[in-house]
Amino acid sequence: MDKEKIMFHVKGLLEAIGEDPDREGLIETPARVADMLAEVLEGTAYSNHQIAEMFGKTFSAEDNGSDEAIIMKDITVFSYCEHHLALMYDMSVNVGYIPRGKVLGLSKIARICEMAAKRLQLQERLGRDIAEIISEAAGTPDVGVKIQGTHSCMTARGIKNSTARTETRTYLGSFKTDSDLKKLLD
Ligand SMILES: [Zn+2]
């Protein structure tokens with residue numbers, strides 16, 4: 001990520017909104033914003049395939065005794081909406097998959113969700129990205145992802161409905177047709 005370029009443009013942005021970028025409270029702001037963006041948009045540098053390889057350490061499913069669906073709920077992530085560069089917060093991700101001989105470590109599932117969220121996103125696409133990465137990392141076609149999130153571009157402006165949450169679901173493989181599997185994500 002080009003931090004020098006971010007600093008240059010954040011300074012210009014401050015001027016454009018009528019601020020004095022040289023006043024005491026703002027003098028360090030371009031550098032702080034550049035550092036923050038490098039951190040919260042870290043996933044921009046990686047493809048879904050690269051994230052799957054990064055966090056794809058698996059265990060043999062025999063150790064876990066079954067091929068029943070594995071569900072992990074309430075993974076908290078933050079992301080930024082690509083339409084307004086606005087924070088999407090209070091986001092909770094539920095992930096389910098049916099192992100085909102390989103089981104992902106639980107912490108790896110959370111890291112996958114976090115890294116996919118660290119991009120300019122749309123909530124629907126974040127769900128698809130997570131499903132695609134889990135599918136590749138675990139080597140299974142059967143993945144479901146449910147996301148609930150609050151978008152500050154909606155709650156902080158316009159109708160100011162501060163409690164509105166958006167729910168999106170992504171189903172791959174048998175999650176598409178099996179209503180019992182879908183219910184496991186609730
Ligand atoms: Zn938005």
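This section describes the zinc site, the sheet and one packed helix of a predicted model.

In the predicted model, the zinc ion is coordinated by three residues, through the SG atom of Cys 81, the ND1 atom of His 84 and the SG atom of Cys 153, at distances of 2.1 to 2.2 Å. Along the sequence these donor residues follow the spacing C-x2-H-x68-C. The two cysteines bring together distant parts of the chain, since Cys 81 belongs to strand β2 (residues 70–81) and Cys 153 to helix α6 (residues 152–155), 72 residues apart. Because buried residues are those under 20% relative accessible area, Cys 81 falls in this class at 5% relative accessibility, and Cys 153, with a relative accessible area of 9%, is likewise buried. A disulfide is a covalent bond between the sulfur atoms of two cysteines; the structure holds zero disulfides.

Strand β2, which carries the zinc donor Cys 81, is also part of an open sheet of five strands, arranged in the order β5-β2-β3-β6-β7 with mixed pairing. The edges of the sheet are occupied by β5 (120–121) and β7 (166–172), each of which has a single partner strand, so that one side of each is left without a neighbour in the sheet. Within the sheet, β2 and strand β3 (residues 86–97) run antiparallel and are joined by nine bridges, and among the paired residues Ile 71 has Gly 96 of β3 as its bridge partner.

Helix α4 (residues 106–117) packs on this sheet, where it touches β2, β3 and β5, and its direction makes an angle of about 20° with that of β2. The helix has twelve residues and reaches 17 Å from its first C-alpha to its last, close to the 16 Å expected at 1.5 Å a residue. Its buried residues are Ile 109, Ala 110, Ile 112, Cys 113, Met 115, Ala 116 and Ala 117. An α-helix has 3.6 residues a turn, so residues three or four places apart point the same way. The cover over the buried residues of α4 includes the strands β2, β3, β4 (102–104) and β5, together with the helices α3 (48–54) and α5 (123–138). Strand β2 thus appears both in the cover of α4 and, through Cys 81, at the zinc ion.

Technical notes:
Residues are numbered from 1 along each chain as its sequence is written. This is a predicted model: local features need pLDDT of at least 70, side-chain atom pairs count only at pLDDT 80 or more; totals for chains, interfaces and linings use all residues. Side-chain values use heavy atoms; hydrogens and water are left out. Donors are N, O and S atoms within 2.8 Å of the metal (3.2 Å for Na, K and Ca); water is not among the atoms, so sites may look incomplete. Helices (H or I, at least four residues) and strands (E, at least two) are DSSP runs, numbered from the N terminus. Buried means under 20% relative accessible area, exposed over 50%, partly exposed in between (1.4 Å probe, protein chains only). Two strands pair if DSSP finds at least two bridges between them. Contact means heavy atoms within 4.5 Å. Axes are lines fitted to C-alpha atoms, for helices over the stretch in contact, and angles run from 0 to 180 degrees between N-to-C directions. A disulfide is a pair of cysteine sulfur atoms within 2.5 Å. The expected span of a helix is 1.5 Å times one less than its number of residues.
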